Amino acid sequence: MAGYQNFEIKRNKNNKSVGLYDKTASYNKANEKLTKSEKLMQGINEWVSFYRARPDIFAEDYLGITLKPFQKILLYVMIHYNYTMFFASRGKLLPCPTI
């Protein structure tokens, strides 16, 4: 039979347990052992990979250039595909002269 020293009422049991909101989640324990400079380089690597995938966002964020939608599409296509062709004209299309 359980003695008095092993007896606990319900409120004492809850104080010792870790609740849902008290628990801290550590998903990647390898990051805890990194130095400050290694964490910084890891963050820089993530931003570099993001900006390489989306050069239009890099141009707007880092360079401060406002791009039009066709320019964003052109930048994306030029980075991701080996062959890109863009035809741009500067003048009006003139009607054919009749002879």
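This tour moves along two helices of a predicted model, with selections suggested at each stop.

**Helix α2 and its nonpolar patch**

Begin by selecting residues 36-53, which form helix α2. Within this selection, highlight Val-48. Its relative accessibility is 35%, so Val-48 counts as partly exposed. Next, add Leu-40, Met-41 and Ile-44 and display the surface: together with Val-48, these residues make a nonpolar patch of about 340 Å².

**The aromatic cluster**

Five aromatic pairs are found in a search of the whole structure. For one of them, select Trp-47 and Tyr-51, whose rings form a tilted pair, 5.5 Å centre to centre with 35° between the planes. Both residues belong to helix α2, where they are four residues apart, about one turn of the helix. Trp-47 counts as exposed, at 51% relative accessibility.

Keep Tyr-51 in view and add Phe-58. The ring centres of Tyr-51 and Phe-58 are 5.3 Å apart and the planes lie at 65°, so this pair is edge-to-face. Phe-58 itself is partly exposed, with a relative accessibility of 29%. To complete the view, select Phe-50 and Tyr-62 as well; ring pairs link these two with Trp-47, Tyr-51 and Phe-58 into a cluster.

**Asp-56 in helix α3**

Now select residues 55-61, helix α3, and centre on Asp-56. Is Asp-56 buried or exposed? Its relative accessibility is 6%, under the 20% limit, so Asp-56 counts as buried. Show the side chain of Arg-54 next: a polar contact of 3.1 Å joins it to the side chain of Asp-56. Finally, select Leu-67, Lys-72 and Leu-75, the residues in contact with Asp-56 once neighbours within four places in sequence are left aside.

Conventions. Residues are numbered from 1 along each chain as its sequence is written. This is a predicted model: local features need pLDDT of at least 70, side-chain atom pairs count only at pLDDT 80 or more; totals for chains, interfaces and linings use all residues. Side-chain values use heavy atoms; hydrogens and water are left out. Helices (H or I, at least four residues) and strands (E, at least two) are DSSP runs, numbered from the N terminus. Buried means under 20% relative accessible area, exposed over 50%, partly exposed in between (1.4 Å probe, protein chains only). A polar contact is a pair of N or O atoms within 3.5 Å; within protein, one must be able to donate a hydrogen and the other to accept it, and residues adjacent in sequence count only if both atoms are side-chain atoms. Contact means heavy atoms within 4.5 Å. Patches are made of residues with over 30% relative accessible area and no salt bridge: like charges are joined within 9 Å, nonpolar side chains (Val, Leu, Ile, Met, Phe, Trp, Tyr) within 5 Å. Accessible areas come from the Shrake-Rupley method with a 1.4 Å probe; for residues, only the protein chains shown count as cover. A salt bridge is a side-chain nitrogen of Lys or Arg within 4 Å of a carboxyl oxygen of Asp or Glu. Rings of Phe, Tyr and Trp (its six-membered ring) pair if their centres lie within 6.5 Å; planes under 30 degrees apart count as stacked, over 60 as edge-to-face and the rest as tilted.
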